[in-house]
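Have a look at this protein with me, and let's take it one question at a time. Keep the viewer open so that you can find each place as we go.

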Amino acid sequence: MTQKWIDFAERLQALAQAGLNYSKNKFELERFAEIRAISAEMMAHYTETDMDKVMQLFANESGYQTPKVDVRGVIFHEGKLLLVQEESDDCWSLPGGWADVGYSPVENVIKEVAEEAGLTVKPGRLLAVLDMKKHAHPPAPYHIYKIFIRCEWLRGELSGGLETKAAAFFERDGLPELSLRRITQQQIELLFSFYDEPDKASVIE
């Protein structure tokens, strides 16, 4: 039921945001603002996120709402997968994050891997586009699409960055504690399946 209520809150937020953007009537604007506040309260409750933070996130959104995009780099070396230790929770994930405006998906993943792991990479192919809601992530205030791009390590030495403490390669049977807001065990297994089967078709859901 928790996910269902989060879905309701997301839909209310999207409707309120569109109404605030397109409506000119002051009374309608007041109603849409109230709907947004209600949706934020629902989201804060079901995602266990601070209400002020949710309201700040929602207040910064304008125009027609669309899902956010999370881009992750997938780098294998000698059968091991590159992970970075997140500064925020001490757990591990693939290098990557929110797609920045003005950058293509390929440019985003190059930038993120350099910033978070210290490596220069060459993106190769799209492995997967996943809907975060269909996976075992903790509840989130946004609807998120996750893009996984296979990359080749060209040069550079492993290091942490501003948002990461360390970077290292791990075997599939020796993974550290994962940052579940960013990556799940099921997704790691999916990525290793591309290592096992290089010609495996991309997964899009």
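Q: Leaving aside its neighbours within four places in sequence, which residues is Ile188 in contact with?
A: Keep in mind that this is a predicted model. Ile188 has its place in helix 5, and with a relative accessible area of 1% it is buried, because buried means under 20%. Setting aside neighbours within four places in sequence, the contacts of Ile188 are Leu81, Leu83, Leu175, Leu178 and Ile183.

Q: How far apart in space are Ile188 and Ala166, C-alpha to C-alpha?
A: In sequence, Ile188 and Ala166 are 22 residues apart. In space, the C-alpha to C-alpha distance between Ile188 and Ala166 is 19 Å.

Q: Which residues of helix 5 are buried?
A: Helix 5 lies across strand 1, strand 6, strand 7 and strand 9. We have already met Ile188, which sits in helix 5. The full set of buried residues in this helix is Gln187, Ile188, Leu190, Leu191, Phe192, Ser193 and Phe194.

Q: How far apart are the end C-alpha atoms of helix 5?
A: Helix 5 covers residues 185-196, which makes 12 residues. At 1.5 Å a residue the helix should span 16 Å, and the model agrees with this. The end C-alpha atoms of helix 5 are apart by 17 Å.

Q: In what order do the five strands of the open sheet stand?
A: Strands of a sheet pair through backbone hydrogen bonds, either parallel or antiparallel. In this open sheet the pairing is mixed. Strand 5 (96-98) and strand 9 (203-204) are the edge strands, each pairing on one side only. The order of the five strands is 5-1-7-6-9.

Q: How many bridges join strand 1 to strand 7?
A: Strand 1 (residues 68-74) pairs with strand 5 in the antiparallel sense over three bridges. Strand 1 and strand 7, in contrast, run parallel. One of the pairs here is Lys68 with its bridge partner Ile144 in strand 7. The number of bridges joining strand 1 to strand 7 is seven.

Q: Which residue in strand 5 is the bridge partner of Arg72?
A: Look along the pairing of strand 1 with strand 5, which is antiparallel. Asp70 stands opposite Trp98 in strand 5. For Arg72, the bridge partner in strand 5 is Gly96.

Q: How many of the seven residues of strand 1 are buried?
A: Helix 4 (residues 105-117) lies across strand 1, and helix 5 lies across strand 1 as well. Strand 1 is mostly covered. Of its seven residues, the number buried is five.

Q: At about what angle does helix 4 run to strand 6?
A: Helix 4 lies across strand 1, strand 5, strand 6 (119-131) and strand 7 (144-156). Strand 6 is also among the elements that cover the buried residues of helix 4. The angle of helix 4 to strand 6 is about 120°.

Q: How far apart are the end C-alpha atoms of helix 4?
A: Helix 4 has 13 residues, and at 1.5 Å a residue these should span 18 Å. The model agrees with that expectation. The end C-alpha atoms of helix 4 are apart by 18 Å.

Q: Which element gives the largest share of the lining of the largest pocket?
A: The largest pocket has a volume of about 900 Å³, and its lining is made of 28 residues. Nearest its centre lie Lys53, Arg72, Trp98, Arg181 and Arg182. Helix 3 (51-59), strand 1, strand 5, helix 4 and strand 7 each supply at least two lining residues. The largest share, four residues, comes from helix 4.

Q: Is Glu48 buried or exposed?
A: Most residues other than glycine have a negative phi. Glu48 has a positive phi near 55°, and it lies in the loop between helix 2 (26-47) and helix 3. At 74% relative accessibility, which is over 50%, Glu48 counts as exposed.

Q: In which loop is Glu78 found?
A: Glu78 has a positive phi of about 55° although it is not a glycine. At 69% relative accessibility, Glu78 counts as exposed. Glu78 is found in the loop between strand 2 (76-77) and strand 3.

Technical notes: Residues are numbered from 1 along each chain as its sequence is written. This is a predicted model: local features need pLDDT of at least 70, side-chain atom pairs count only at pLDDT 80 or more; totals for chains, interfaces and linings use all residues. Side-chain values use heavy atoms; hydrogens and water are left out. The expected span of a helix is 1.5 Å times one less than its number of residues. Buried means under 20% relative accessible area, exposed over 50%, partly exposed in between (1.4 Å probe, protein chains only). Two strands pair if DSSP finds at least two bridges between them. Contact means heavy atoms within 4.5 Å. Axes are lines fitted to C-alpha atoms, for helices over the stretch in contact, and angles run from 0 to 180 degrees between N-to-C directions. On a 1 Å grid over the protein atoms alone, a cavity is a set of points where a 1.4 Å probe fits but cannot get out, and a pocket is an open set with protein on both sides within 12 Å along at least five of seven lines; lining residues have an atom within 4 Å of a point. Grid points are joined across faces, edges and corners, and a volume is the space filled by probe spheres set on the points.
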